[in-house]
Each structure stands twice: as C-alpha cells, then as structure tokens.
Amino acid sequence: MAQKARKDRAKSNEAALKNLHLGSLIANGLFLLLHFFFRKRSLLLWFCLSIPSFFCQLTLEKAGRPQYDSTTKALKSAGEDLNAPGLTEYMWDIIWVTWACTVLAAFFGNWAWFLWAVVPAFGAYKAIGMFGAARQMAQLGANAPPAAGNRRQRRMA
C-alpha cells in the first residue's frame, strides 16, 4: 500500500515538473520572442524579476524529482510532495505571478511588471498576521494565573 502511494506521488511530481518546465518555456520564450522581433521590453526588469521564479523552479525540481535506481529502474525516492501547503505553495504562487507578469509585459509593456509587487505585499501581509498572532499568544501567557505551588502554599493562601 505504501509503495503504491510512493508511485502515485512520483507520477504526480513528474507531471507537475513537466508542466512547470513547459509553462516556464512558454512564458519566457514568448517574452523573448516578442522582445526581439516586435517591441523592445526591458530585459533587465525581466531578468531581475524572474530570478525568484527561477530559484523556486530549481528548488521544486531538486525537491520533487523522483529518483530511480539506474540498474533496476526501481523507485528509490518519490521526492517531496509538490502539492504540499506552506512554503511549497508559496513557491508555486511566486512562479505563477511571475509568469503572468512576463506575459502581460510582453504584450502590454513594462508597466505590467508592477503587478509583481503583489508578491512582497502578500508576504508582508502574512508576516503582519503572524506577528499579531504571536503577540496575542504572548499576552495570553502573561495574563495566565500563576502556576499553583505545592500543597502547603495553596493551604496558606
């Protein structure tokens, strides 16, 4: 049963990585094609704002790529779950927003890169939420009644 789950995750990861690379090729290829043949767009903006996306793609590739034994072709490792919530999910979000900005900038101009500001703004929003939750937990801990001492101290009180 566990072997089937590993094989399913390996297939899912391979499909997700294939779509990841295909999407990256389409978005970035379209940008470069339109840049060189039709309208000039800022390659510096494209390169600088695509670095986080490329880093996320490399991280997902290394973590999620299934590994097989070279002689027996047996599955050695299914890789990490690429559909996992948390950091993996945020990496996918960064990639998708970058692709959207790339395609929009290719068709409509460099102003479309301002959409990329959504990524740090969302990160700041999440950080403020976590800071607020941590502060509330600290206040609850400070307002908690003191721990009960031994039996003798409780009787004297």
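**Note on the predicted model: Cys101 and its surroundings**

1. Start with Cys101. Cys101 is buried, because its relative accessible area is 0%. Buried means under 20% relative accessible area, exposed means over 50%, and partly exposed lies in between (1.4 Å probe, protein chains only). The areas come from the Shrake-Rupley method with a 1.4 Å probe; for residues, only the protein chains shown count as cover.

2. A word on the basis. This is a predicted model, in which local features need pLDDT of at least 70 and side-chain atom pairs count only at pLDDT 80 or more, while totals for chains, interfaces and linings use all residues. Residues are numbered from 1 along each chain as its sequence is written, and side-chain values use heavy atoms, with hydrogens and water left out.

3. The overall layout. The protein chain has five helices and two strands. From the N terminus, the order is α-α-β-β-α-α-α. Helices (H or I, at least four residues) and strands (E, at least two) are DSSP runs, numbered from the N terminus. Of the 157 residues in the protein chain, 28% are buried. The accessible surface of the chain is about 11300 Å², and carbon and sulfur atoms hold 67% of that.

4. Contacts along the chain. Contact here means heavy atoms within 4.5 Å. Take the contacts in the protein chain with a separation of 6 or more: residues 24 or more positions apart account for 65% of them.

5. Back to Cys101 and its helix. Cys101 sits in helix α3. Leaving aside neighbours within four places in sequence, Cys101 touches Ala112, Trp113, Leu115 and Trp116. Trp113 is 12 residues away from Cys101 in sequence, yet the two C-alpha atoms are 5.5 Å apart.

6. The other side of that contact. Ala112 lies in the loop between α3 (87-108) and α4 (118-142). Ala112 is buried as well, because its relative accessible area is 2%. Beyond its neighbours within four places in sequence, Ala112 is in contact with Cys101, Leu104 and Ala105. Ala112 and Thr102 are 10 residues apart in sequence, with 8.0 Å between their C-alpha atoms.

7. Does α3 have regular geometry, and what is its buried set? The expected span of a helix is 1.5 Å times one less than its number of residues. For the 22 residues of α3 that gives 32 Å; the end C-alpha atoms are 31 Å apart, which agrees. Buried residues of α3 include Trp92, Ile95, Thr98, Trp99, Cys101 and Thr102. Just after α3, Gly109 takes a positive phi of about 120°.

8. Now helix α2. Its 22 residues should also span 32 Å, and its end C-alpha atoms are 30 Å apart, which agrees. There is a bend of about 40° at Ile51, and a proline, Pro52, follows within four residues. The bend at a residue is the angle between axes fitted to the seven residues ending there and the seven starting there. At the start of α2, a side-chain oxygen of Ser42 comes to within 3.1 Å of the backbone nitrogen of Leu45.

9. Buried positions in α2. Among them are Trp46, Leu49, Ser50, Ser53, Cys56, Gln57, Leu60 and Glu61. An α-helix has 3.6 residues a turn, so residues three or four places apart point the same way.

10. Two polar residues of α2 deserve a look. Ser50 counts as buried because its relative accessibility is 1%. Apart from neighbours within four places in sequence, Ser50 touches Asn28, Thr98, Thr102 and Trp113. Gln57 lies in α2 (residues 43-64) and counts as buried because its relative accessibility is 7%. With the same neighbours left out, Gln57 is in contact with Leu20, Ser24, Ile95 and Trp99.

11. Strand β1. Tyr68 is placed in β1 (residues 67-68). Tyr68 is partly exposed, because its relative accessible area is 37%. Leaving aside neighbours within four places in sequence, the contacts of Tyr68 include Ala10, Glu14 and Leu75. Its side chain makes a polar contact with the side chain of Glu14 at 3.0 Å. A polar contact is a pair of N or O atoms within 3.5 Å; within protein, one must be able to donate a hydrogen and the other to accept it, and residues adjacent in sequence count only if both atoms are side-chain atoms. Ala10 is 58 residues from Tyr68 in sequence, and 10.0 Å away C-alpha to C-alpha.

12. How many disulfides does the structure hold? Zero. A disulfide is counted as a pair of cysteine sulfur atoms within 2.5 Å. Cys48 is partly exposed, because its relative accessible area is 41%.
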